[in-house]
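Grab a pencil and have a go at these exercises before reading the solutions. Each one asks you to work something out from the model in front of you.

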Amino acid sequence: MYPRRQPDNIGSRLTAIILFCLFGMDAVYYTVKFAMSALEELTNSEQINNISYYMFSASVWSELFWGFVMLMAAGLAALALRSEGFLKDAYPTAPFTLNTLRLTVMVLVLDYVVGLLLIRVLSLFSPGQEVEFVKPGYEYDFSLEMLPVDAFTSVLVAPIAEEFLFRGALFAALMARGTGPVATILISSLIFTLGHAQYEWQGLVIVFSGGVFLGLLRWITGDLRAAILCHALYNGWMVGIDYWPVVFGQSAG
């Protein structure tokens, strides 16, 4: 028996990382859905039916469940990379200085301002000059009941899981394969965008723009924590905008 040859660097896992980034959560989602459907058929249990309903409906428990699943999926990816000695490549850190914080805030502001400009431009190409971000079937009503769990998934779960996968593992694998910084930022942003199938094309443009800014921040600082913080602050601001009328009882208009 020959000892298993260890891969040279994280770039050797680029294909696997891309596939996981694009289809990892979908694979988990449909596996769980298939398993629950099979249980419903086999048991004909009302309790199983109720659990399945709460898991796949737009509810607090569904949002919370899938938030934890996303964290677990990223955690499994981290364990896989750690087993091959690549975790430090996928989660780079550098001294988090005041300058790092300034850069993070600057990128956050630029990302938001550019997003607003893009919305104005995109409205020119949209029916009735209204920009639709989310595809039909993916919307849900904002309510005080959904606010805590929405904040949890948007401000904590998504930034940690997505930044680890896209600006962490994927970014490092592309760089290790000899891809230049600009191409790495653009490719990782494109794959990040393709992972957001719930958005209309206008929303995907905004996602791509955000991915570019986050990739730029990751490259300049050499610290994934800066990208995670920027992503969390941006999402937190968006959650605040969405729920402001709900919390303070104002009309959306």
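What follows is a short set of exercises on a predicted model, each with a worked solution.

**Exercise 1. Classify the ring pair Phe56 and Trp66, and place both partners in the fold.**

Start with the whole structure: a search finds eleven aromatic pairs. For Phe56 and Trp66, the ring centres are 5.8 Å apart and the planes make an angle of 50°. Stacked needs planes under 30 degrees apart and edge-to-face needs over 60, so this pair is tilted.

Next, find the elements. Phe56 belongs to helix 2 (residues 46-56) and Trp66 to helix 3 (residues 60-83), so the pair ties together parts that are ten residues apart in sequence.

Now check accessibility. Phe56 has 23% relative accessibility and counts as partly exposed, while Trp66, at 13%, is buried.

Finally, look around the pair. Phe56 and Trp66 belong to one aromatic cluster together with Tyr29, Tyr30 and Phe65. Phe56 also has a charged visitor: Lys33 lies over the face of its ring, 5.8 Å from the ring centre.

**Exercise 2. Do the same for Tyr112 and Trp237.**

The ring centres here are 5.9 Å apart and the planes stand at 90°, so this pair is edge-to-face. The pair links distant parts of the chain, with Tyr112 in helix 5 (residues 98-123) and Trp237 in helix 9 (residues 224-248), 125 residues apart.

As for exposure, Tyr112 is partly exposed at 25%. Trp237 is partly exposed too, with a relative accessible area of 48%.

**Exercise 3. Which way do helix 3 and helix 6 run relative to each other, and which residues make the contact?**

Take the geometry to begin with: helix 3 and helix 6 (residues 147-176) pack at about 25°, and their axes are 10 Å apart. Angles under 35 degrees count as roughly parallel, so that is the label for helix 3 and helix 6. Their crossing is left-handed.

Then trace the contact. On the helix 3 side, the residues include Val60, Leu64, Gly67, Phe68, Leu71, Ala74 and Leu81. On the helix 6 side, Val149, Phe152, Val157, Ile160, Phe164 and Ala169 are among them.

**Exercise 4. Repeat the analysis for helix 6 and helix 9.**

This time the packing angle is about 155°, with the axes 9 Å apart. Over 145 degrees counts as roughly antiparallel, so helix 6 and helix 9 get that label. Helix 6 passes helix 9 in a right-handed crossing.

For the contact, helix 6 contributes residues including Leu147, Ser154, Val155, Pro159, Glu163 and Arg167. Helix 9 answers with, among them, Leu224, Ile228, His231, Asn235, Val239 and Tyr243. Arg167 deserves a second look: it lies over the face of Phe192, 4.2 Å from the ring centre.

**Exercise 5. Is Thr100 buried or exposed, and what does Thr100 touch?**

Locate Thr100 in helix 5. Its relative accessible area is 8%, so Thr100 is buried. Leaving out residues up to four places away in sequence, Thr100 touches Pro95, Thr221 and Ala226.

**Exercise 6. Describe the surroundings of Met175 and Val205.**

Met175 sits in helix 6 and is partly exposed at 31%. Not counting residues up to four places away in sequence, Met175 touches Gly180, Pro181 and Thr184. The C-alpha atoms of Met175 and Ile185 are 9.7 Å apart, with these positions ten residues apart along the chain.

Val205 is in helix 8 (residues 201-221) and, at 29% relative accessibility, counts as partly exposed. Beyond its neighbours within four places in sequence, Val205 is in contact with Leu118 and Leu122. Leu122 is 83 residues away from Val205 along the chain, yet their C-alpha atoms are separated by 8.9 Å.

**Exercise 7. What stands out in the backbone of Asn44, and where does Asn44 lie?**

Check phi: Asn44 has a positive value of about 50° although it is not a glycine. Then find its place, which is the loop between helix 1 (14-43) and helix 2. Last step: the relative accessible area is 65%, so Asn44 is exposed.

Terms used:
Residues numbered from 1 in each chain as written. Predicted model: local features only at pLDDT ≥ 70, side-chain atom pairs only at ≥ 80, totals over all residues. Heavy atoms only, no water. Phe/Tyr/Trp six-rings, centres within 6.5 Å; stacked < 30°, edge-to-face > 60°. Helix = DSSP H or I, 4+ residues; strand = E, 2+ residues; numbered from the N terminus. Buried < 20%, exposed > 50% of the residue type's maximum accessible area, 1.4 Å probe, protein only. Lys NZ or Arg CZ within 6 Å of the ring centre and 35° of its normal. Contact = heavy atoms within 4.5 Å. Axes fitted to C-alpha atoms, helices over the stretch in contact; angles between N-to-C directions. Parallel < 35°, antiparallel > 145°, perpendicular 65-115°, else oblique. Left-handed = near helix turned anticlockwise from the far one by under 90°.
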